[in-house]
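Work through the exercises below with the sequence and the structure side by side. Try each task before reading its solution.

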Amino acid sequence: MELHKDAYKTIYEKEEDHWWFRGRRLIIKELLDRLCLPEGARILDVGCGTGGNLALLGEYGDAQGCDFSEEAIRFCKLRGLEHAFQASVYDLPCPDGEYDLVTCFDVIEHLRLDLPAFRELNRVCRPGGYLLVTLPAGPALYSSFDCVAGHLR
């Protein structure tokens, strides 16, 4: 499910400085520091949105991003991220085992069918590679933005 078009603009404008995005990147960095990624690791961020995490991922290897939304990819290009492309989590245009690390940050809650998505994420991750998936916090923190963002659960 694609976000409302205005949500991408809001995310793009807030993603660098808003406490929530900054805090999430600190947590992601802590997790990435614990991995044993190879030198020059190939990384794919599935559901990269406006590309706010790609700079961080680029510190660990060759980071690419993809998103279902043409609007999201447009904002990636505005950030100067040329390695972002449009694709569905259900049908990634990548060879089997292509990536050392596949990330999928706060995407699964938008999907009606999560199992096929996990199968596809696993398919493009190399054997012995890493899959890092995050989901937003529980319903107590649910807000009107979650509705705009298209969260199904």
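The exercises go from the overall fold to single residue pairs. The model is a predicted one.

**Exercise 1. Fold order**

Task: State how many helices and strands the protein chain has, and give their order.

Solution:
- Step 1. Count the elements. The protein chain has 6 helices and 5 strands.
- Step 2. Read from the N terminus on. The order is α-α-β-α-β-α-β-β-α-β-α.
- Step 3. Add burial. Of the 153 residues in the protein chain, 44% are buried.

**Exercise 2. A strand pair and its crossover**

Task: Determine in which sense β4 and β5 pair, parallel or antiparallel. Then find the handedness of the unit they make with α5.

Solution:
- Step 1. Locate the strands. β4 covers residues 99–105 and β5 covers residues 125–134.
- Step 2. Check the pairing. The sense is parallel, over 6 bridges.
- Step 3. Take one position in the pair. Thr 103 stands opposite Leu 132 in β5.
- Step 4. Add the helix, α5, at residues 114–124. With β4 and β5 it makes a β-α-β unit, and that unit is right-handed.

**Exercise 3. The two sides of a helix**

Task: Compare the span of α2 with the expected value, and sort its buried and exposed residues.

Solution:
- Step 1. Take the length. α2 has 15 residues.
- Step 2. Compare the spans. The first and last C-alpha atoms are 21 Å apart, close to the 21 Å expected at 1.5 Å a residue.
- Step 3. List the buried residues of α2: Phe 21, Arg 24, Arg 25, Ile 28 and Leu 32.
- Step 4. Place them around the axis. They cover an arc of only 100 degrees, so they sit on the same side of α2.
- Step 5. Turn to the face away from that buried side. There α2 carries the exposed residues Trp 19, Leu 26 and Ile 27.

**Exercise 4. Salt bridges of α2**

Task: Find the salt-bridge partners of Arg 24, Lys 29 and Glu 30. Classify each pair by burial or exposure.

Solution:
- Step 1. Start with the total. The count comes to 12 salt bridges.
- Step 2. Take Arg 24. It forms a salt bridge with Asp 106, with the closest N and O atoms 3.0 Å apart.
- Step 3. Place both residues. Arg 24 lies in α2 and Asp 106 in the loop between β4 and α5, so the pair ties together parts 82 residues apart in sequence. Both Arg 24 and Asp 106 are buried.
- Step 4. Take Lys 29. Its side chain meets that of Asp 33 in a salt bridge at 3.6 Å, N to O. Being 4 residues apart in α2, the two are separated by about one helical turn.
- Step 5. Check their exposure. Lys 29 has a relative accessible area of 31%, so it counts as partly exposed. Asp 33 is partly exposed too, at 45%.
- Step 6. Take Glu 30. Its side chain meets that of Arg 34 at 3.3 Å, N to O. Glu 30 is partly exposed at 44%, while Arg 34 is exposed at 59%.

**Exercise 5. Cysteines**

Task: Decide what Cys 76 is, paired in a disulfide or free of one.

Solution:
- Step 1. Search the whole structure. The search finds 0 disulfides.
- Step 2. Check the nearest sulfur. For Cys 76 it is that of Cys 48, 3.8 Å away. A disulfide needs the sulfur atoms within 2.5 Å, so Cys 76 is in none.
- Step 3. Check burial. Cys 76 is buried at 0% relative accessibility. Cys 125 is buried at 9%.

Notes: Residues numbered from 1 in each chain as written. Predicted model: local features only at pLDDT ≥ 70, side-chain atom pairs only at ≥ 80, totals over all residues. Heavy atoms only, no water. Pairing = 2+ DSSP bridges. Right-handed = clockwise from strand over helix to strand, strands pointing away. Buried < 20%, exposed > 50% of the residue type's maximum accessible area, 1.4 Å probe, protein only. Salt bridge = Lys/Arg side-chain N within 4 Å of Asp/Glu carboxyl O. Expected span 1.5 Å × (residues − 1). Arc of directions from axis to C-beta.
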